[in-house]
Protein chains: 2
Amino acid sequence: MRPGVTFEQLIAAKRDAREHSAEEVAHIVAAFTSGDIPDYQMAAWLMAAVLNGLSHDETVALTDAMVRSGRIVDLSAIEGVKVDKHSTGGVADATTLVVAPLVTACGAPVAKMSGRGLGHTGGTLDKLESIPGMRVELTVEQFVEQVQRVGLAVIAQSPDIDPADKRMYALRDVTATVPSIPLIVGSIISKKVASGADAIVLDVKVGSGAFMKTLAEARALASGLERTGEALGKQVHCVITGMDQPLGTAVGNALEVAEAVETLRGHGPADLTEVCLTLAAKMLVLAGRACDEDDGRSRAGQALASGAAVDAFERWVEAQGGDPRVAVDPALLPQSAVTREVRAPRDGWLAATDAESIGRAAMLAGAGRATPDDAIDPAAGLVLDVRIGDRIEKGDRVATVHAATEAHCDPAEAVLSGAFVFAEEPTCPPPLFLEE
Amino acid sequence: MRPGVTFEQLIAAKRDAREHSAEEVAHIVAAFTSGDIPDYQMAAWLMAAVLNGLSHDETVALTDAMVRSGRIVDLSAIEGVKVDKHSTGGVADATTLVVAPLVTACGAPVAKMSGRGLGHTGGTLDKLESIPGMRVELTVEQFVEQVQRVGLAVIAQSPDIDPADKRMYALRDVTATVPSIPLIVGSIISKKVASGADAIVLDVKVGSGAFMKTLAEARALASGLERTGEALGKQVHCVITGMDQPLGTAVGNALEVAEAVETLRGHGPADLTEVCLTLAAKMLVLAGRACDEDDGRSRAGQALASGAAVDAFERWVEAQGGDPRVAVDPALLPQSAVTREVRAPRDGWLAATDAESIGRAAMLAGAGRATPDDAIDPAAGLVLDVRIGDRIEKGDRVATVHAATEAHCDPAEAVLSGAFVFAEEPTCPPPLFLEE
């Protein structure tokens, strides 16, 4: 960076759509993380970056600087290629609960750190914590030891990893600067790289329930993720999946764990099973445990059928202090005191589902957080009975809300009743995969 | 404003180039001024406004809300149309020191409040304070009484006027969000309206020494100023003047006062005299003291020739506690201990002058502030000997630096030596007026 350049001048450069040098980007990240750049200046820079964009080189420099803002986990003690997976956020994404043990059962180690996130319906950690006794706050040393011993660990991201992302995301969240592909790429890839993965499979979701609303946006994000990851020396494969309705039928923490177990036994919903097999196949290829995707898919399918996948799940849960019997008896998971059936107001074909409203209904039932300090009810959520394309008669059950009290069911039911669009004509189900 | 709209949503709306309602803009200004909107959120909104713009209606709403953020001065006790003038900032603008007494001498009351500003070479208040005894911190009541008694007062803007502008400008200054025509319009017009003027003449400067670098920008600013002022019920006339070199020859506080006195006696530099007569003529028309601009110009010219203008200056200075004898004996103004002559390094025609460097040289000599807390040396500055288009021989004096010490002269001389561009061929002097 040229000597004497002030941060005001760097903001002005981005405001005027000029490209920063890698050194300038590294300075911005380091100085913001250390508190030398105040929030009000960073907010102005972030808005300029959202509106004028960041080039590929700037995005790589941003991501690299974020990685270097904290600890970089060393997984070299674990043999083999360590493959991570990540979804770009949508309603009710339980794929990690299925894919991680499935891949482990096929011989690839999975060492995954997960962020807490502030989603409508909780994140992976909240789902895991609904299993009685399950601990996600492990040290990095415990984490590595567990992967060596049982082949799989999923823990909360250690706070000393990627502090730049934490500070930057907190500011973006309150300054309307979240929707920027380069900033999203930096946030995702930096966390994965700092967590020590060798290769990453990314599930980019698109649709009404996802952050990316159009296929064009999803493609741009996928391209940014792959190019940036590769520039930092990591293999990155993306798949673009539809999120016009939630995957599977369960939305809520313990409800999704129960559904994941069903899926690991080979009896899960077709869409959830299909996405999990595809993600697992890609991970197995990257890990060198399958020669191609067809082979990976076939190996993953065998692991479901043979019981190896559910066995891996049990060993994993037990290793993290959880009760492995939940894989046999889902009644050991938290159960809601109250259920409420929601019924179709009319006849018709289900033409569309507002996945965002479904997520919000689950949150109102108690499954998610409206603010970061809210407590989650692990038993709360809802189970859907209908999929886009289904024929429905008036009075059919379309969903069941699970909650602690009737008072929690009321707003959830009210939101749900507006979440379904009925048509006179048959509608095709939306595609599960849009692009690989 | 729709109930329940958060400020994050308003930032997102401007990020997405949507238009705010007048109510939303009023809320933003009021909530920011009261501290309910934190600086980091306002900074993001300001950058979105800089990059996506504000519509005419949004600009009017912004300006109106800024006016209403503080006290609105009532000048109705002063008879006649109260006309204010303002320049959009450039190097060494001493026109107020000439125009205000000139217009007063022609029978129009001038009640002007001036901001402190952080210019290279001090603002109008700094120039006035270089006159021994001159006070600019008057109450609004003293201000009105003085205008009634002597026809003219120029004071520091009372701190309870337009607090929104003060807060907003302080944030814009450190977040690279100053260059935005709608935000500049809001800042200028809100202060003028809150200060009680009925009509306003605005001198929009364009060129290397001005904030607006191109005629197109200056035109857009002039149009915004006129339309916004008129939407708020004020007559606004703009004139676009060139600022490719400083007006007049003096740059520095007491030096400019001395030059203003010369100009009021009819012996000032041609360019300064010409701009002052034009601004005065426009003000006299708006004040109803001249039937058209030619008439106004002729009346102003007579006031210079008859001594009426310099008399009005003396009465004004005396009323504010200053020593009126400075109008007769400029040696009563602060004098610098040291002068340094700067000489031409070569033969040639003066093709260009970097007005910004000239301003910086004056600041380094002690005439301005690098930071708001810096003290100003009232005697410091420089006097130019050359104008664009002049033929110059190597060794000719091009400027004289005035400063407290030789050490102050060194950096000023160094900057000055790079401020002149010489050519082999004759160059035309730049036009004084670009558009009215």
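## Salt bridges between domains 2 and 3 of chain A

Two salt bridges are found across the interface of domain 2 of chain A and domain 3 of chain A; a salt bridge here is a side-chain nitrogen of Lys or Arg within 4 Å of a carboxyl oxygen of Asp or Glu. A:Asp271 forms a salt bridge with A:Arg387, and their closest N and O atoms are 2.3 Å apart.

## The model and its confidence

This is a predicted model, in which local features need pLDDT of at least 70 and side-chain atom pairs count only at pLDDT 80 or more, while totals for chains, interfaces and linings use all residues. Residues are numbered from 1 along each chain as its sequence is written, chains are lettered from A in the order in which they are written, and side-chain values use heavy atoms, with hydrogens and water left out.

Chain A has a mean pLDDT (the predictor's confidence in each residue, from 0 to 100) of 92, and 96% of its residues reach 70 or more. The scores of the model are ipTM 0.84 and pTM 0.86.

## How domains 2 and 3 meet

Chain A is divided into domain 1 (7–53), domain 2 (83–330) and domain 3 (335–423), with bounds from an automatic or database domain assignment. The contact (heavy atoms within 4.5 Å) takes 28 residues from domain 2 of chain A and 27 residues from domain 3 of chain A. The C-alpha centres of these two domains lie 24 Å apart.

Between domain 2 and domain 3 of chain A, about 2000 Å² is buried, and carbon and sulfur atoms give 55% of this area. Buried area is the accessible area (1.4 Å probe) that two parts lose on being put together, summed over both.

## How chains A and B meet

Chain A and chain B each have a share in a second interface: 20 residues come from chain A and 20 residues from chain B. Together the chains bury about 1600 Å², 75% of it on carbon and sulfur atoms. On the side of chain A, the residues that lose the most area to chain B are A:Arg15, A:Tyr40 and A:Leu51, together 36% of what that side buries.

Across the interface of chain A and chain B, zero salt bridges are found. The elements of chain A that give two or more residues to the side touching chain B are α1 (7–15), α3 (39–52) and α8 (163–174); such helices are DSSP runs (H or I, at least four residues), numbered from the N terminus. Helix α3(A) gives the most to this side, with 10 residues.
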